[in-house]
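Colleague: I'm new to this and would like to learn how to read a protein model. Could we walk through one together?

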Amino acid sequence: MIIPFVDLKKQYNDLKSEIIPGIEKVFEDGSFIMGEQLKEFEKNVSDYLGQESLGCASGSDALLLSLLAMEIKAGDQIITTPFTFFATAGAIARLGAVPVFVDIDVKTFNIDCSKIEKAINEKTKAILVVHIFGQCVDMDSVMVLAKRYNLKVIEDACQAFGAEYKGKQAGTIGDFGCFSFFPTKNLGGAGDGGLVTCRLPADLEKIKKLQIHGSKKKYFHEFVGINSRLDSLQAVVLDIKLKYIDGWNEKRRKIARQYNQVFSGLVKTPQEVLPGKHIFHQYAILTEDRDALLDYLQKNQVAAGVYYPLALHLQGCFKYLGYSAGSFPISEKICAEVVSLPIYPEMTESQIEFVIKTFTDFFQKHS
Ligand SMILES: *Cc1c(COP(=O)(O)O)cnc(C)c1O
C-alpha cells in the first residue's frame, strides 16, 4: 500500500462535479479579477469566521498586508516564533523591520507566552503569533501583554483554518488574522491564495486599498500598496470547499485520536490544549530516532515530512540578526526530532491502519 502525504487528486474527484461548472462560469463571465465569485466567497468566509475578511494572493501577502496596514517601518521590532514557515519572518524582514524571536513551548510547539514580555522594548510594535500545525496559541496571555504595552497582534493562522480558541475562530482574536489557501493547506485552492481578516473595520478598509496599489478610486493613489488579490477561479474552488471544511477538520481530529491511542506509548504525541480546538493541519510527533524512522517509513511507502528542519534564527538569510545555535534550545531540539505523518480527510480506514502498523513495527524492531 502506498500512503501519500496528501491526496489532492482524490479530493478533486470527490468535488469535480461542483468545481467544473463553477470554473466554466468564470470563463463565460470573463470575471477573472474582483468578480462576483470573489464577493460571494468573501461573504461566506466572513460569515464563517464571524469577522469581515478580504481575499488576497497568498498567506505571505496576508502577512505583508497586515504589516503594511500597521505602517511597520525599518527598524521596528516584531516579536515572533522561530519555529514556523519562513513567510512569517520573511514578511517582517521584507519591510526592513526586525523579527525578534522568542522560543517555543515544548508541548504545543507554539511561542512560549511566558517568555514574550522579556523581549518587549520601546521598538516593539507587534506580536506575530503562529498557530502552528493547527493549534491556537494561548491568546489570552498574548492579548494581556499587547494591551499592557500597546502592541498590535497579528495571528498567522495559515495552518489553522477552523481552529478555535475559547470558542473563537483562529485569526479573529488579534488585530489581524492571516490565512493561506496554498493547495496543501487544510482549506486549499487550485494555486496560490490567501485571506486577511481584521478586527477593526478601519484596518479592513485600509487593506482593501493596499491590495490594489493604495487606490480606492481607480488610477488615483493615496499611498503605495501592492497588487494582491484572490482571483475568481480560486474563489470558486474555495467557496465549494468551505462547505466541507468542518467535516474535514473533524476527520483530521479523528485520525489524530486514532494515532495518539497507539503512538502515545512509543513517542511524544501531539496533545490538544484546552480550551482550544486543534485541527491537526499537521500531526507531528517527536523522536530521537528520526532519521531511521524516516528511512523506514519511506521504504514502506508511507510518506512523512519534517516541518521544520531548520529554525528561522539559524537560516542563512537571518545571520545578520545575530542569533546562533543554542539561542532557542527548544526550537532547535524540536527541529531535530519532529516528524509529520500523513493526515488528511480523504484517508481510508485501511490507509490509517497501515500507517499505524508501519509506525508501530518500526519501534518494535528498534527497541
Ligand atoms: C503556508 C504558510 C504561510 C504562507 O502561505 P503562502 O500562501 O504559501 O504564502 C505563512 N505562514 C505559515 C505558518 C504557513 O504555514
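Colleague: What is the largest nonpolar core, and which residues have the most contacts inside it?

Modeller: The general idea first: in soluble globular proteins, nonpolar side chains tend to be buried together. A nonpolar core is a set of buried Ala, Val, Leu, Ile, Met, Phe, Trp, Tyr and Cys residues joined through side-chain atoms within 4.5 Å. Buried means under 20% relative accessible area, exposed over 50%, and partly exposed in between, with a 1.4 Å probe and protein chains only. Here the largest core has 47 residues, and Phe41, Ile79, Ile116, Val142 and Phe161 have the most contacts inside it. Helix 1 (8-29), helix 2 (36-49), strand 4 (124-130), helix 5 (139-149), helix 7 (232-242) and helix 8 (245-263) each supply at least two of its residues. Helix 7 gives the largest share of this core, 6 residues. Another core, of 28 residues, lies apart from it and includes Cys56, Ala91, Ala126 and Leu128.

A word on the ground rules: this is a predicted model, where local features need pLDDT of at least 70, side-chain atom pairs count only at pLDDT 80 or more, and totals for chains, interfaces and linings use all residues. Residues are numbered from 1 along each chain as its sequence is written, and side-chain values use heavy atoms, with hydrogens and water left out. Helices (H or I, at least four residues) and strands (E, at least two) are DSSP runs, numbered from the N terminus.

Colleague: Which residues is Val142 in contact with?

Modeller: Contact means heavy atoms within 4.5 Å. Setting aside neighbours within four places in sequence, Val142 touches Cys113, Ile116, Ile127, Val129, Val137 and Val153.

Colleague: Now the empty space. Which residues lie nearest the centre of the largest pocket?

Modeller: Rolling a probe the size of a water molecule over the atoms shows where empty space is left. On a 1 Å grid over the protein atoms alone, a cavity is a set of points where a 1.4 Å probe fits but cannot get out, and a pocket is an open set with protein on both sides within 12 Å along at least five of seven lines; lining residues have an atom within 4 Å of a point. Grid points are joined across faces, edges and corners, and a volume is the space filled by probe spheres set on the points. The largest pocket holds about 460 Å³. Of its 29 lining residues, Phe85, Gln159, Phe182, Thr184 and Lys185 lie nearest the centre. Helix 3 gives the largest share of that lining, 3 residues.

Colleague: And what lines the second largest pocket?

Modeller: That pocket, of about 340 Å³, has 18 lining residues, with Met34, Glu42, Leu54, Lys208 and Gln211 nearest its centre. Helix 2 gives the most, 5 residues.

Colleague: How many cavities are there?

Modeller: The count is 2 cavities of 30 Å³ or more. The largest has a volume of about 100 Å³, and of its 15 lining residues, Leu8, Gln11, Lys185, Arg252 and Glu346 are closest to the centre. The second largest has about 70 Å³, and Ala284 is one of the residues lining it.

Colleague: Which way do the side chains of strand 11 point?

Modeller: In a regular strand the side chains alternate between the two faces of the sheet. In strand 11 (residues 283-286), Tyr283 and Ile285 point one way, Ala284 and Leu286 the other, and all are buried. Two strands pair if DSSP finds at least two bridges between them. Strand 11 pairs with strand 12 (residues 338-341) in the antiparallel sense over 4 bridges, and Ala284 has Ser340 as its bridge partner.
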